Amino acid sequence: TYEVDLGGVACVMLDLPGLDGSRTASDAVMAELTDADMVIWVTRANRPARDVDRKAMADLRTFFADHPERREPPLIAVATCMDVLSEGWPYPEHLLPPEALSEISRTVASIGADIHAENPIPVVLTDPEWNVDAVRTTIEGALIDALMTQRNRVRTGVARTSLPREIFRAGRGFAKGISVFGSRPGRPDRSDDDEA
């Protein structure tokens, strides 16, 4: 877990282990997802096998369909590794040639259809990062829904995790999870970096 400030709201983000198709991993991930205020679903653009993602996403939606008293958390889909799809990356000034733009658009549409998620955000997380600010902006735009999800969970009496579980969660890698938002997660506006 790690703390970030998003749109002036203090948030705790949890980086979950990847899905490997095993029941143990799926159950552990599902327990966290059904207790989340917001879900950021990250998948690699260059990994064509998405059955595990599709099944987990279906299980998540089924859970909330079976529990109509619970509010489903906002879900933001992110597609990483866009740089491996296009020869010649990075492009000067991040101006994508038509071929690269077309390939990214096709891949994003395919991922969205495969995992049943609307408008996955394409990103590159390696240096130089590309389109990461779009993820932050989308998360900030979904914070109200996330807070409503949290309030719904409190109102319906769904218990939060126990202290030992929180301690275990806190022990996970900060460095691994922080890569989603770059090297400065506490800074809502990256334009200030130029002044440093």
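Asn-131 is partly exposed in this predicted model, with a relative accessible area of 30%; buried means under 20% relative accessible area, exposed over 50%, and partly exposed in between, for a 1.4 Å probe and protein chains only. Asn-131 is not a glycine, yet its phi is positive, at about 70°. The residue is placed in the loop between E5 and H4, where helices (H or I, at least four residues) and strands (E, at least two) are DSSP runs numbered from the N terminus. A second residue, Asn-119, also has a positive phi without being a glycine, and the value there is about 45°. Asn-119 belongs to the loop between H3 and E5 and is exposed, with a relative accessible area of 64%. Most residues other than glycine have a negative phi, and most peptide bonds are trans.

Residues are numbered from 1 along each chain as its sequence is written. The model is predicted, and local features need pLDDT of at least 70, side-chain atom pairs count only at pLDDT 80 or more, and totals for chains, interfaces and linings use all residues, while side-chain values use heavy atoms, with hydrogens and water left out.

Two cis peptide bonds are described here. One of them joins Trp-89 and Pro-90, with omega about 0°. Pro-90 is in the loop between strand E4 (75-80) and helix H3 (98-115). The other runs from Asp-127 to Pro-128, where omega is near 0°. Pro-128 is in the loop between strand E5 (121-122) and helix H4 (132-141).

The chain as a whole contains seven helices and five strands. Their order along the sequence is β-β-α-β-α-β-α-β-α-α-α-α. Of the 196 residues in the chain, 36% are buried. Contacts (heavy atoms within 4.5 Å) were also sorted by separation in sequence. Among those between residues at least 6 apart, 70% join residues at least 24 apart. The exposed area of the chain is about 11,100 Å², of which carbon and sulfur atoms supply 55%; accessible areas come from the Shrake-Rupley method with a 1.4 Å probe, and for residues only the protein chains shown count as cover.

Three pairs of residues illustrate distances between C-alpha atoms. Ala-109 lies in helix H3 and, at 47% relative accessibility, counts as partly exposed. The C-alpha atoms of Ala-109 and Pro-120 are 7.8 Å apart, with the two positions 11 residues apart along the chain as the sequence separation. Val-135, in helix H4, counts as buried at 2% relative accessibility. Its C-alpha atom is separated by 8.9 Å from that of Pro-122, and the two residues are 13 apart along the chain. Leu-147 lies in helix H5 (residues 143-155) and is partly exposed at 29% relative accessibility. Leu-147 and Pro-74 are 73 residues apart in sequence, and their C-alpha atoms are 10.0 Å apart in space.

Rolling a probe the size of a water molecule over the atoms shows where empty space is left. The search used a 1 Å grid over the protein atoms alone; a pocket is an open set of points where a 1.4 Å probe fits, with protein on both sides within 12 Å along at least five of seven lines, and lining residues have an atom within 4 Å of a point. The second largest pocket has a volume of about 160 Å³, a volume being the space filled by probe spheres set on the points, which are joined across faces, edges and corners. Its lining includes Leu-19, Gly-21, Ser-22, Arg-23, Val-52, Lys-55 and Asp-59. Helix H1 (23-33) and helix H2 (51-66) each supply at least two lining residues. The most come from H1, which gives five. By class, the lining holds five nonpolar, three polar and four charged residues. Here Ala, Val, Leu, Ile, Met, Phe, Trp, Tyr, Cys and Pro count as nonpolar, Asp, Glu, Lys and Arg as charged, and the others, Gly among them, as polar.

A disulfide is a covalent bond between the sulfur atoms of two cysteines. With a disulfide taken as a pair of cysteine sulfur atoms within 2.5 Å, the count comes to zero. Cys-11 is buried, with a relative accessible area of 15%. Cys-81 is buried, with a relative accessible area of 15%.
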